[in-house]
Amino acid sequence: MLQQTQSKRNIRHRVIFNVVNFSKTKSLYRDGMSPVVKSTSRPKWQRLPAKNVYYYRCPDHRRNYVMSFAFCFDREDDVYQFAYCYPYTYSRLQHYLASLERRNLPYLQREQLGLSVQQRRLDLLTITNSDHMSAEREKKLVFLTARVHPGESPASFICQGVIDFLVSHHPVAQILRDHVIFKIVPMLNPDGVYLGNYRCSLMGFDLNRHWQDPSPWAHPTLHAVKQLIVQMNQDPRVSLEFYIDVHAHSTMLNGFMYGNVFEDEERVQRQAVFPRLLCQNAPDFSFSNTSFNRDVVKAGTGRRFLGGLLDDTSYCYTLEVSFYSYMTAGSTAPVPYTEETYMKLGRNVARTFLDYYKLNNFVKDNRPTPIQSSGVMSQTGNGVGRDTADREKEKSESFGH
């Protein structure tokens, strides 16, 4: 009887899923990307094997593209979930921010900047050591936003990596808090995230095309963030030096940046400094993929609009990261991103501000100690070694294919 029950539960149903109406010829699915899956008994998201994924043009769907993947359901009592990339939900953000608040850190402030159309929170974090800020001295300010495109969940992992580092006891983080004010809006489109939209808001708007004239009724979160930035830019005591909007990219590898084009060659060179420094700190960041443009269709983006609004000492970037993987100088094949390596890129973005502001003389020996995160990753290595038992456990929890 026991054997019968066991064989009934350990089923093997092979199913082929067809996701239709992709429009792009170029796709990371052609480079080995695959959806992620988890189930009740294996709650950690895992990538499907690339050999089970196909991306092709289909005459049955107006010559658009289809992504097909084969999957073997092997446990009858499990509930399975599939996703384009590792999800980062509105609820997860709220739990994370609540846990930060409970720590009562003197240099962290959380406030509700506004509400979305469906009355979800638009959160704003301010991270700085206000006791160290002199009233006479001009305050350097860095503004960072993420998830204006709700399907680009890697942006949230990067954003959390930035926040985790900036609120940590790391000596570099302490110096940055003493000299810089960080303002972070971790989720600019909370309705879109909650509803599972890929690019648009509740009302079908691509919010990253409406920076020039956002409506308080149709684009309330964007309107609130723009108002705050304009207001801070008019404050003579504040120098708004950086605006970085974090995204994920569906056709490119690595992390990289988009910047603006200027007539002034010296300003062009100055704008390239931060991405060059980031390239030195983050092995997965590509300066060669970084580009500066004035594409007409991007005129309504945060990077383009604020690049025109702010003065020539301010730098506005879109930080992009691949939905799939990165190549490093020593790698012969793409290395798939994980939640942790996305967060590691965020930590390296935060650390790069130290190099930019040339405050290294505040750190012993000019060598910051390794960044730790949940005991998993180090700043310079690819991860702390795990014992064999952990590896065996992961093997036993993987999906049959």
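This passage describes salt bridges, cavities, a surface patch and selected backbone features of a predicted model.

Salt bridges come first. Side chains of opposite charge can pair when their charged atoms come close. In this model the count comes to 12 salt bridges. Arg-110 takes part in more than one pairing. One partner is Glu-101, with the closest N and O atoms 2.9 Å apart. Arg-110 counts as buried, at 16% relative accessibility. Glu-101 is partly exposed, and its relative accessible area is 41%. This pairing therefore joins a buried residue to a partly exposed one.

Asp-123 is also a partner of Arg-110, and here too the closest N and O atoms lie 2.9 Å apart. Arg-110 belongs to strand β7 (residues 108–115) and Asp-123 to strand β8 (residues 121–127), so the salt bridge ties together parts that are 13 residues apart in sequence. Both Arg-110 and Asp-123 are buried.

A further salt bridge links the side chains of Lys-140 and Glu-241, at 4.0 Å from N to O. Lys-140 lies in strand β9 (residues 139–146) and Glu-241 in strand β11 (residues 238–249), so this pair ties together parts that are 101 residues apart in sequence. Lys-140 is partly exposed, at 32% relative accessibility. Glu-241 is buried, with a relative accessible area of 11%. Shared partners also matter for the wider arrangement: Glu-101, Arg-110, Arg-121 and Asp-123 are joined by salt bridges into one network.

Empty space inside the protein was examined next. Rolling a probe the size of a water molecule over the atoms shows where empty space is left. The structure holds two cavities of 30 Å³ or more. The largest cavity has a volume of about 80 Å³. It is lined by 14 residues, and those closest to its centre are Val-117, Asn-189, Asp-191, Ser-201 and Thr-221. Helices α5 and α6 (220–233) are the elements that give two or more residues to this lining. By class, the lining of the largest cavity has eight nonpolar residues, five polar residues and one charged residue.

The second largest cavity holds about 40 Å³ of space. Its lining consists of Tyr-88, Leu-93, Tyr-96, Ser-156, Cys-159, Gln-160, Ile-163, Pro-186 and Met-187. Two elements, α2 (90–102) and α3 (154–166), each supply at least two of the lining residues. The most comes from α3, with four residues. Seven residues of this lining are nonpolar and two are polar, while none is charged.

On the surface, a nonpolar patch is formed by Val-117, Tyr-194, Leu-195, Leu-202, Met-203 and Trp-217. Together these residues have about 590 Å² of accessible area. Tyr-194 is found in helix α5, which spans residues 190–195. Two features of this patch recur in the largest cavity. Val-117 belongs to the patch and is also among the residues closest to the centre of that cavity. Helix α5 holds Tyr-194 of the patch and gives two or more residues to the cavity lining.

The backbone was considered last. Arg-62 has a positive phi of about 50°, although it is not a glycine. Arg-62 sits in the loop between β4 (53–57) and β5 (65–73). It is exposed, at 68% relative accessibility. Asn-254 is not a glycine either, and its phi is positive at about 70°. Asn-254 lies in the loop between β11 and β12 (255–260). Strand β11 also holds Glu-241, the partner of Lys-140. In contrast to the exposed Arg-62, Asn-254 counts as buried, at 5% relative accessibility.

Leu-306 is placed in helix α9 (residues 302–309). This residue is buried, with a relative accessible area of 0%. Leu-306 and Cys-316 are 10 residues apart along the chain, and their C-alpha atoms are separated by 6.8 Å.

Conventions: Residues are numbered from 1 along each chain as its sequence is written. Side-chain values use heavy atoms; hydrogens and water are left out. Patches are made of residues with over 30% relative accessible area and no salt bridge: like charges are joined within 9 Å, nonpolar side chains (Val, Leu, Ile, Met, Phe, Trp, Tyr) within 5 Å. Accessible areas come from the Shrake-Rupley method with a 1.4 Å probe; for residues, only the protein chains shown count as cover. Buried means under 20% relative accessible area, exposed over 50%, partly exposed in between (1.4 Å probe, protein chains only). On a 1 Å grid over the protein atoms alone, a cavity is a set of points where a 1.4 Å probe fits but cannot get out, and a pocket is an open set with protein on both sides within 12 Å along at least five of seven lines; lining residues have an atom within 4 Å of a point. Grid points are joined across faces, edges and corners, and a volume is the space filled by probe spheres set on the points. Ala, Val, Leu, Ile, Met, Phe, Trp, Tyr, Cys and Pro count as nonpolar, Asp, Glu, Lys and Arg as charged, and the others, Gly among them, as polar.
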